[in-house]
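Work through the exercises below with the sequence and the 3D view side by side. Try each task before reading its solution.

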Amino acid sequence: MSSRRPYVESPVIMATVRLVAPFVLTYGIFVTLHGASSPGGGFQGGVIAAAVIVMLSFAYGIDLTWEWIDKRVLVGLVGGGVALFGAIALGAVLFGGQFLEVGVYPIPEPDKYGIELVEVGIGMTVAGVVTSLFFTLARGAMPPVGEDGESGRDDEGTAATDGGTFSSEAPGSEGTGGDRPVRDGPDAPEGGDRA
């Protein structure tokens, strides 16, 4: 028996995320692009955009969402954001200005569009990094999976490393449905120890 409860899909959460996700992503882009003229910016917009992926993970499961995401997109977001920021910042030096002095660009309203491009670069980087960190932390908490799909547990459900596991049912009680975990293993007292 596994020590983790299996993921159960909720039609309510799935429908809500499906409905809300496009609006949250649009708001994240809005916050990123209007950071120069109103509260917000690339960092806030990037985190809001990454929250869409987190919502999808809660609705459809972390593993399914991780398989669905193209890893090249995450690398492209982070690398592209850093490259865009660096190009805007260093490009100003080529036009005779200082680092990140966007007013020297020979375009109409260089301050406005230069800052917006910098915010887009920051937003891309933050969205990619926050999404990657979420999956790294979430998948790091999961039990290691072997090559054959096994979760590192033997046939009796006891962990191979700690000699005991927590289960939701008492040993020998077929389907009692206890809601508190019961500890069984070599160091547990007779009949299991309520945790």
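**Exercise 1.** What span should the 24 residues of helix α4 (residues 71–94) have, and how far apart are its end C-alpha atoms?

Solution. Keep in mind that this is a predicted model. Step one: the expected span is 1.5 Å times one less than the number of residues. Step two: for the 24 residues of α4 this comes to 34 Å. Step three: the end C-alpha atoms of α4 are 34 Å apart, so the two values agree.

**Exercise 2.** Determine which residues of α4 are buried, what covers them, and what follows the helix.

Solution. Step one: the buried residues of α4 are Leu 74, Gly 81, Ile 88, Ala 89, Gly 91 and Ala 92. Step two: their cover includes α3 (62–68) and α5. Step three: after α4 comes Gly 96, with a positive phi near 90 degrees.

**Exercise 3.** Place α4 within the whole chain by listing its elements, then describe burial and contacts overall.

Solution. Step one: the chain has five helices and three strands. Step two: read from the N terminus, their order is α-α-α-α-α-β-β-β. Step three: of the 195 residues in the chain, 29% are buried. Step four: among contacts with a separation of 6 or more, 51% join residues 24 or more positions apart.

**Exercise 4.** Find the residues that touch the most other members of the largest nonpolar core, and the helices that supply it.

Solution. Step one: this core has 14 residues, and those touching the most other members are Val 52, Ile 53, Leu 56, Ile 69, Phe 134 and Phe 135. Step two: at least two residues each come from α1 (11–33), α2 (42–60) and α5 (110–140). Step three: the most come from α2, which gives five residues. Step four: take Val 52 and set aside residues up to four places away in sequence; Val 52 then touches Ala 21, Val 24 and Leu 25. Step five: another core, of five residues, lies apart from this one, and Ile 88, Ala 92, Val 102 and Val 118 are among its members.

**Exercise 5.** Is Thr 32 buried or exposed, and which residues beyond its sequence neighbours are in contact with it?

Solution. Step one: Thr 32 belongs to helix α1. Step two: buried means under 20% relative accessible area. Thr 32 has 9%, so Thr 32 is buried. Step three: leaving out neighbours within four places in sequence, Thr 32 is in contact with Gly 41, Gly 42, Gly 45, Gly 46, Glu 119 and Val 120.

**Exercise 6.** Identify the salt bridge of the model and state how exposed its two partners are.

Solution. Step one: the count is one salt bridge. Step two: the partners are Asp 70 and Arg 72, with their closest N and O atoms 3.1 Å apart. Step three: Asp 70 has 32% relative accessibility and is therefore partly exposed. Arg 72, at 65%, is exposed.

**Exercise 7.** Describe the surface of the chain and locate a nonpolar patch on it.

Solution. Step one: the chain exposes about 12,500 Å², and carbon and sulfur atoms supply 64% of that area. Step two: Leu 90, Val 93, Phe 99 and Leu 100 make a nonpolar surface patch of about 370 Å². Step three: of these residues, consider Val 93, which sits in helix α4. With a relative accessible area of 42%, Val 93 is partly exposed.

Key: Residues numbered from 1 in each chain as written. Predicted model: local features only at pLDDT ≥ 70, side-chain atom pairs only at ≥ 80, totals over all residues. Heavy atoms only, no water. Core = buried A, V, L, I, M, F, W, Y, C linked by side-chain atoms within 4.5 Å. Buried < 20%, exposed > 50% of the residue type's maximum accessible area, 1.4 Å probe, protein only. Helix = DSSP H or I, 4+ residues; strand = E, 2+ residues; numbered from the N terminus. Contact = heavy atoms within 4.5 Å. Salt bridge = Lys/Arg side-chain N within 4 Å of Asp/Glu carboxyl O. Areas by Shrake-Rupley, 256 points an atom, 1.4 Å probe, with all protein chains shown as cover. Patch = residues over 30% accessible without salt bridge, like charges linked within 9 Å, V, L, I, M, F, W, Y side chains within 5 Å.
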